[in-house]
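Trainee: I would like to go through how the helices pack in this model. Where should we begin?

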Amino acid sequence: VRTGSFRDLSEGVAAYQRGDHAAAVEKLQAAAGAALNSFRAHYYLGLALHAARRFPEAIAALEVALDLDPSQVQAHVALGDAWLRLGDADEALAAFVRALKLHGEYAPALDGIARTYESKADDERALEYYRRAITIHKGYAEAYVHLADLYLRQDRRDDAVRLLLEAVTTRPDFAPALTRLGIAYGRMGLRNEAVASIRKAIALEPKVAEHRAALGRIQLDLDLPGGAAESFREALELDPGSVEARAGMAELARRRGDYAAALAELDAVLAASDLETPTRARLAARRDELAAERDAAARIEPLVASGSATPEDRLALAEVYARRGLWSEAADLLRDAATPWDREKLAYALLRAGRFRAAEPLYAELAAASTRPDLDLDEGVAAAGYGDDERAALAYRRALSKDPLHPDARLYLAASLLRLGREEEAVREFKAFVEANPDHESVERVRRIVEQDAPGALPPAASPGAIEPPTVPAAPREEESGR
């Protein structure tokens with residue numbers, strides 16, 4: 001029995017480490033059943049069950065492991081992870097606190113406490129514990145990724161990119177950080193950088209569905225539905241339970257106007273029993289949104305076709321089409337817009353549809369009657385879109401006259417001047433942009449451009465520094481743990 005148990009344990013651990021979770025569970029269940037007093041068998045069984053999303057069973061196995069050896073700090077963290085995935089933040093916090101009592105500076109436990117506070121919507125304490133985990137252990141890349149996710153949720157994209165660049169500098173082979181970096185780049189509009197970063201993650205971990213699902217989202221944003229569909233399908237082949245891949249397939253169906261297929265994809269995800277509570281809430285809200293969108297389109301489209309739609313109907317349908325990326329159709333519905341706000345929607349739809357010559361005079365009209373610099377900026381973007389960089393540069397200067405510190409207006413002005421061949425002026429504007437916005441996501445790209453035309457014109461880039469450590473909080477009090 002001992003020989004068979006040891007073999008099952010060795011084979012189960014190997015299966016877990018290569019990602020074959022079903023085989024790992026089978027072997028480790030046999031090992032744990034034959035070696036009832038083996039901490040290692042029950043611990044790895046808990047990890048394998050967690051990886052297979054069988055969280056209640058994972059908790060049971062890990063609790064047995066900790067009964068056998070309560071001094072194993074990593075088992076307390078694994079138990080906390082399982083409770084957190086099951087949606088019980090109080091039990092999760094209790095497990096992470098027990099880990100800290102064994103090892104007060106254990107980064108995975110600090111990271112777990114941060115994730116627990118984040119699940120409780122206490123972002124301030126979550127930030128403190130993420131930063132503490134990173135300060136204590138610079139090589140613990142998971143904390144970088146989790147903190148970056150929080151930054152992205154807060155739309156702190158620059159902070160997320162700086163953090164993730166530090167993570168991939170410390171751990172260049174840590175694929176989740178590369179994928180998050182790609183997501184952050186995508187939200188900034190740096191699409192080439194986004195795709196390149198995620199493809200690096202895929203090369204490192206070709207069998208991890210998360211990376212391919214993230215690539216699909218970027219391709220969707222690039223209006224490449226064929227590529228996105230392929231990425232989502234590949235993700236689902238690797239992991240049929242991939243939430244993001246299913247959500248991506250739902251979005252593809254929505255953009256085709258196939259609401260039945262979109263809702264079916266979301267229903268398939270929501271039927272899973274192992275969804276984390278915030279994810280379930282997000283997807284349920286998304287389902288409600290799509291159902292309302294389906295009903296609105298079904299009601300209004302016949303009215304538009306018959307010519308009996310009211311202006312309010314046309315505006316509502318235009319908003320549906322805009323969310324589906326049908327910008328030209330949305331613009332056509334808005335062509336009689338009367339109010340400044342609705343005319344701005346028309347201008348934006350025309351801009352997104354690539355109808356730049358129609359968008360530019362609308363933005364010029366809106367900008368002339370407003371103190372908002374973004375309207376002048378969009379006027380310039382439209383002019384540049386049909387190739388008139390002279391008009392674009394004038395619009396960008398008007399934006400800067402309203403807001404001299406507007407970073408995009410300065411950057412776009414420099415780019416237009418460069419395209420006009422006015423290199424000296426362009427370099428001067430690029431330099432002003434870098435000096436005023438040293439942490440902007442486009443600074444490195446600007447440096448490369450300027451170095452080609454005016455080597456040495458910009459000061460050297462500062463080397464990336466470590467995260468500033470906050471005041472280190474004490475471990476949570478006993479009453480915070482729910483015990």
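Mentor: This is a predicted model. We begin with H3 and H5, whose crossing is left-handed.

Trainee: How are helix H3 and helix H5 directed, roughly parallel or roughly antiparallel?

Mentor: Helix H3 (residues 39-51) and helix H5 (residues 73-86) have axes 11 Å apart and pack at an angle of about 30°. Angles under 35 degrees count as roughly parallel. Therefore H3 and H5 are roughly parallel.

Trainee: Which residues of H3 make the contact with H5?

Mentor: By class, the contact has six nonpolar, two polar and two charged residues. On the H5 side are Gln74, Ala75, Ala78, Asp81, Ala82 and Arg85. On the H3 side are Phe39, Tyr43, Leu47 and His50.

Trainee: How are H14 and H15 directed to each other, roughly parallel or roughly antiparallel?

Mentor: The axes of helix H14 (residues 225-238) and helix H15 (residues 243-256) come within 9 Å. They cross at roughly 150°, and angles over 145 degrees count as roughly antiparallel. The crossing is left-handed. H14 and H15 are therefore roughly antiparallel.

Trainee: Which helix gives the most to the largest nonpolar core?

Mentor: That core has 83 residues, and Leu28, Tyr43 and Leu147 touch the most other members. With nine residues, the helix that gives the most is H9 (residues 141-153).

Trainee: How many residues are in the other core that lies apart from it?

Mentor: Its members include Leu317, Ala330, Ala347 and Ala382. The number of residues in this other core is 24.

Note on methods: Residues are numbered from 1 along each chain as its sequence is written. This is a predicted model: local features need pLDDT of at least 70, side-chain atom pairs count only at pLDDT 80 or more; totals for chains, interfaces and linings use all residues. Side-chain values use heavy atoms; hydrogens and water are left out. Axes are lines fitted to C-alpha atoms, for helices over the stretch in contact, and angles run from 0 to 180 degrees between N-to-C directions. Helices (H or I, at least four residues) and strands (E, at least two) are DSSP runs, numbered from the N terminus. Angles under 35 degrees count as roughly parallel, over 145 as roughly antiparallel, 65 to 115 as roughly perpendicular and the rest as oblique. A crossing is left-handed if the near helix is turned anticlockwise from the far one by less than a right angle, and right-handed if clockwise. A nonpolar core is a set of buried Ala, Val, Leu, Ile, Met, Phe, Trp, Tyr and Cys residues joined through side-chain atoms within 4.5 Å. Buried means under 20% relative accessible area, exposed over 50%, partly exposed in between (1.4 Å probe, protein chains only). Contact means heavy atoms within 4.5 Å. Ala, Val, Leu, Ile, Met, Phe, Trp, Tyr, Cys and Pro count as nonpolar, Asp, Glu, Lys and Arg as charged, and the others, Gly among them, as polar.
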